[in-house]
Amino acid sequence: MSAPVDRTVVWPFDEAGEPAAYFYARYAHPTGVAAEAALGALEGGDALLFASGMAAETAILLAFTESGTTVAVAEGCYYGTSTLVRALSKYGVKLIEFDQTGPPPAEAAIVWVESPANPTLSMPNWDAITSTDALIVCDATLATPVYLRALDKGADIVIHSATKYLTGHHDALLGVTVSRDPEKTAALQQARTLYGAAASADTAYSLLRGLDTLEARLRRQTETATELAARLAAHPAVATVRYPGFGGVVSFDVPNPRHVETSLPSIRNSTSLGGVSSSIESRHRWEGDRIPEGLLRMSVGLEDVELLWGDLKAALAN
Ligand code: PLP
């Protein structure tokens, strides 16, 4: 049974005139708390919902940086993350990008990895990363707890764009943090309340619904993506295929990305990833020269593998 969607924003104080568990929805609301409990159980920590993945990232940075803090962000990870840290340079926060397959820079107070990175699909070297005293943040959007419980690997805070696999249907903008440390959770909750980054009851409900099918979706997407990655790697028109061996995202390089991305009837030419319908896009349009010009990021949905391959094969032939 799903939890009901409770859109209440204001609750009366208790009989003694004090705020009870719920009093104003920017602090907490029952649908959000139910979704946080369900995701927290999967991750093995305390989850908090935010209005978007970027709102969750902002809360982490505002809660744990001050002027002079160095944040080391994995190269080739979601470009919004390094862009956000760079935007905080006006408050004295410093950005270093580093290769997450090796050790992080010693001066970093926060080390931000992504497993796997979007769209380069590199993976962090956990031994090297956990050998520092820095606060370790792991963006596990592409892995989900089906394939990675990053807190078990040594991350202090996990972040997800729940807009992607966790809700899974491209109908909810949502972010999540998870931590095992009550002080960190309290700091994140305070940032969420203060900066107004709370998620709505409706998007919290979308998370509850998405979690019911998360594992089934991810296993099926992995099966299809594994097959497509192998076929793409064997295709003469494809230069490089990146696939970490799990999950639904495959990225590959072609000489004519615009032609390929616009020639696939069963694969929508759109941004984002993690939905039940497949999508593909050239990332160069957003990220410029930090990634190869011909790189296409494909997010595999639940369609039949032969349907998807038929379209890819036809587009790659021209
Ligand atoms: N992290 C990753 C890996 C992403 O792909 C994205 C968005 O594409 C974000 C964070 C930001 O999430 P949102 O779009 O929900 O704000």
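**Note on the ligand site, the open sheet and the S4–H4 loop**

1. Helix H2, which spans residues 53-64, contributes the most to the shell around the ligand, supplying three residues. The structure under discussion is a predicted model, and the remarks that follow should be read with that in mind.

2. In total, 13 residues surround the ligand, and the closest of them are Met54, Asp139, Ser161, Thr163 and Lys164. Sorted by class, the shell around the ligand consists of three nonpolar, six polar and four charged residues.

3. Three polar side-chain approaches to the ligand deserve to be listed individually. Aspartate 139 places a polar side-chain atom 2.7 Å from a nitrogen atom of the ligand, whereas threonine 163 has a polar side-chain atom 2.7 Å from an oxygen atom of the ligand. For lysine 164, a polar side-chain atom lies 2.8 Å from an oxygen atom of the ligand. The ligand, taken alone, exposes 390 Å², of which the protein buries 91%. As for the pockets, the largest one is the space that the ligand takes.

4. Turning to the sheet, five strands form an open arrangement in the order S8-S9-S12-S11-S10, and the pairing is mixed. Strand S8 (241-242) and strand S10 (268-269) stand at the edges, and each has a single partner strand, so one side of each is left without a neighbour in the sheet.

5. Within this sheet, strand S9 (residues 249-253) pairs with strand S12 (residues 295-299) in the antiparallel sense, and the pairing runs over five bridges. A reader who wishes to inspect this pairing on the structure may look at phenylalanine 252, which stands opposite leucine 296 in S12.

6. The loop between strand S4 (110-114) and helix H4 (126-129) contains proline 116, and the peptide bond leading from serine 115 to proline 116 is cis, with omega near -10°. Proline 119 is also found in the loop between S4 and H4, and asparagine 118 is joined to proline 119 by a cis peptide bond whose omega is about 15°.

7. A further backbone point concerns leucine 121, which is found in the loop between S4 and H4. Its phi is near 65°, a positive value in a residue other than glycine. When checking the backbone of this loop, a colleague could therefore take leucine 121, with its positive phi, together with the cis bonds that precede proline 116 and proline 119.

Key. Residues numbered from 1 in each chain as written. Predicted model: local features only at pLDDT ≥ 70, side-chain atom pairs only at ≥ 80, totals over all residues. Heavy atoms only, no water. Near = heavy atom within 4 Å. Polar contact = N/O pair within 3.5 Å; in protein donor to acceptor, adjacent residues only side chain to side chain. Areas by Shrake-Rupley, 256 points an atom, 1.4 Å probe, with all protein chains shown as cover. 1 Å grid on protein atoms, 1.4 Å probe; cavity = no way out; pocket = protein on both sides within 12 Å on 5 of 7 lines; lining within 4 Å. Sits in = over half its atoms within 2 Å of the grid points. Helix = DSSP H or I, 4+ residues; strand = E, 2+ residues; numbered from the N terminus. Nonpolar A, V, L, I, M, F, W, Y, C, P; charged D, E, K, R; others polar. Pairing = 2+ DSSP bridges.
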